[in-house]
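Got the viewer open? Load the model, switch to cartoon view and keep the selection box handy.

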Amino acid sequence: MKYEEVIQDIKVKIIQGYWKVDDKLPSLRQLARKYETSSNTIAFAFRILRDEGYIFSIPAVGYFIKKRKDFQINKQVKTILKSYYDAENKNDNLINFTSINLLSKYINNNFISYLFETQKKNFNKNKTLENKSSLVSCISNLLEEDEIFTLDENMIITSSSQLSIEMIIRLFSNKNKLTIALSDPSHYSVINILEKLVNIRGVHLLDDGWDFKDFENILSLEKIDLVYVTPNFHDPSGICWSEDKKMYLLELAEKFDFYIIEEDNYSSLSYSQKYLSFKSFERIGKERIFYIRDFSTLLGSFLGLTCVIVPPKLKDKFLMEKIAFSIIPSQVQQNMLETFINNGYFFFFLNKLKNILNNRLNYLVNELKNIAELKIMHQPEGGFFIWLKLNRQIDEDIFYELCKNNGLLILPGYIFYEDNRNNAKFRISFASTSLYEIEIGIKKIKKIISYLKEIN
């Protein structure tokens, strides 16, 4: 996601000494031009960097580099930064199993320029529009393909899913810190956002969704205010919830009076059957779901808009948070996304992408099955990542270090857990790796494991 790229790049520059302590950072507008994104995205990135202690602000003056010590950078951040920094070095021999850039190889700059120039004309005619009604209707029609039906008035366009999550949390904020339940493991960016704002309770994830014995035990001990779920092709596990479990969580939400934040970015990447969202099972008049669909996940930052379907009785409060955050999605981006969907480009690229990803997954699984020391935790039927576990005889820390030293970027499992636990699991993403790169990457993994077995 674009704001993550901005954060990671700024962190790398700070750690590498590009900016010194007390140096003033460029303005939001300057950085927005540099990173080809909106000022809102830069502002959101700055907020996270400030919370993590990298920068500080002086009102009406700007943002400055804060003094930090190496021990303040935790294991999780170091891992992510290392992968990002190595990938940015453009090493031809590097196999990048961390990238989530799906369409970067298929949508060229000429096509983006065409969309931009075309829609810039429409922008001149609609300067006063903020939340473009025709785009809302367009997305509403798109979501109906996934059996999600809502009134257009309940859909709000924002600039990122993470910023939307923060706004939702603010709706429920009071003197006591909120408690939110989420899957254990969950994506590191979500953990990074939530751990600063709420108390987190992890719920064990089975092959068909949550372990409800675990969740009901949590409910018996304390009040849960919110639940965060990614129901289909969960990152990092690739798991899809069963329909029975989706319906049961909705029953529990009503019984125990909590709301659900559903981030559903990967459903359209199913290779075969259709997987429905929680939102598609929700009854009218019983709305408890904040449904989030982030288009930048599939299409990249140039179309990086997010739609949020808000429970009707909380819509006005959410709009007030949007105003407070000064979130005004780019009119040009809104026009571009509308054209991208209405002219059929969305489904054209989506079908092309699914075929490519399916071929990569099949090849990857066949290769991984030949490595006895690796276990596929769950074989996905869509998405672009796979969750693996090392044999207990393999030292995972040494394994990760050797992967790094051999030009192989993977994400260790501990970054997907709030407590950074070591459990010998890791994620491989095949979003942007060719079949040849997958072949080379698997050969490197085999060689490393063989070496570790010999010295064990």
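Among contacts between residues at least 6 apart in sequence, 74% join residues at least 24 apart. Keep in mind that you are looking at a predicted model. With everything selected, the chain shows 16 helices and 16 strands. Of its 456 residues, 56% are buried. Turn on the surface if you like: the accessible area is about 20,800 Å², and carbon and sulfur atoms account for 47% of that.

**Stop one: the sheet.** Pick out the eight strands that make an open sheet with mixed pairing, and walk across in the order 4-11-10-9-8-5-6-7. Which strands stand at the edges? Strand 4 (155-158) and strand 7 (209-210) do; each has a single partner strand, so one side of each has no neighbour in the sheet.

Now select 259-263 and 289-294, which are strand 9 and strand 10. They pair in the parallel sense, over four bridges. To see one residue pair there, show Glu262, whose bridge partner in strand 10 is Tyr291.

**Stop two: helices on the sheet.** Add residues 161-172 to the selection. This is helix 7, packed on the sheet and touching strand 4, strand 8 (226-229), strand 9, strand 10 and strand 11 (306-309). Compare directions and you'll find that helix 7 makes about 165° with strand 10. Next, bring up helix 9 (residues 212-221), which also packs on the sheet. Helix 9 touches strand 5 (179-184), strand 6 (199-206), strand 7 and strand 8, and its direction makes about 155° with that of strand 6.

**Stop three: Lys245.** Select helix 10 (residues 243-256) and show the side chain of Lys245 within it. Is Lys245 buried or exposed? The cut-off for buried is under 20% relative accessible area, and Lys245 has 14%, so it counts as buried. To see what surrounds Lys245, show Leu206, Asp208, Gly209, Trp210, Asp211, Phe212 and Phe278, its contacts beyond the neighbours within four places in sequence. For a distance label, try the C-alpha atoms of Lys245 and Gly209: they are 6.6 Å apart, although 36 residues separate the two along the chain.

**Last stop: a helix pair.** Finish with helix 13 (residues 331-342) and helix 14 (residues 345-368), whose axes lie 4 Å apart at an angle of about 70°. That makes the two helices roughly perpendicular. Show Thr339, Phe340 and Ile341 from helix 13, then Tyr345, Phe346 and Phe349 from helix 14, as these residues make the contact. Colour the contact by class and you get five nonpolar residues, one polar and no charged ones.

Terms used
Residues numbered from 1 in each chain as written. Predicted model: local features only at pLDDT ≥ 70, side-chain atom pairs only at ≥ 80, totals over all residues. Heavy atoms only, no water. Buried < 20%, exposed > 50% of the residue type's maximum accessible area, 1.4 Å probe, protein only. Contact = heavy atoms within 4.5 Å. Axes fitted to C-alpha atoms, helices over the stretch in contact; angles between N-to-C directions. Parallel < 35°, antiparallel > 145°, perpendicular 65-115°, else oblique. Nonpolar A, V, L, I, M, F, W, Y, C, P; charged D, E, K, R; others polar. Areas by Shrake-Rupley, 256 points an atom, 1.4 Å probe, with all protein chains shown as cover. Pairing = 2+ DSSP bridges.
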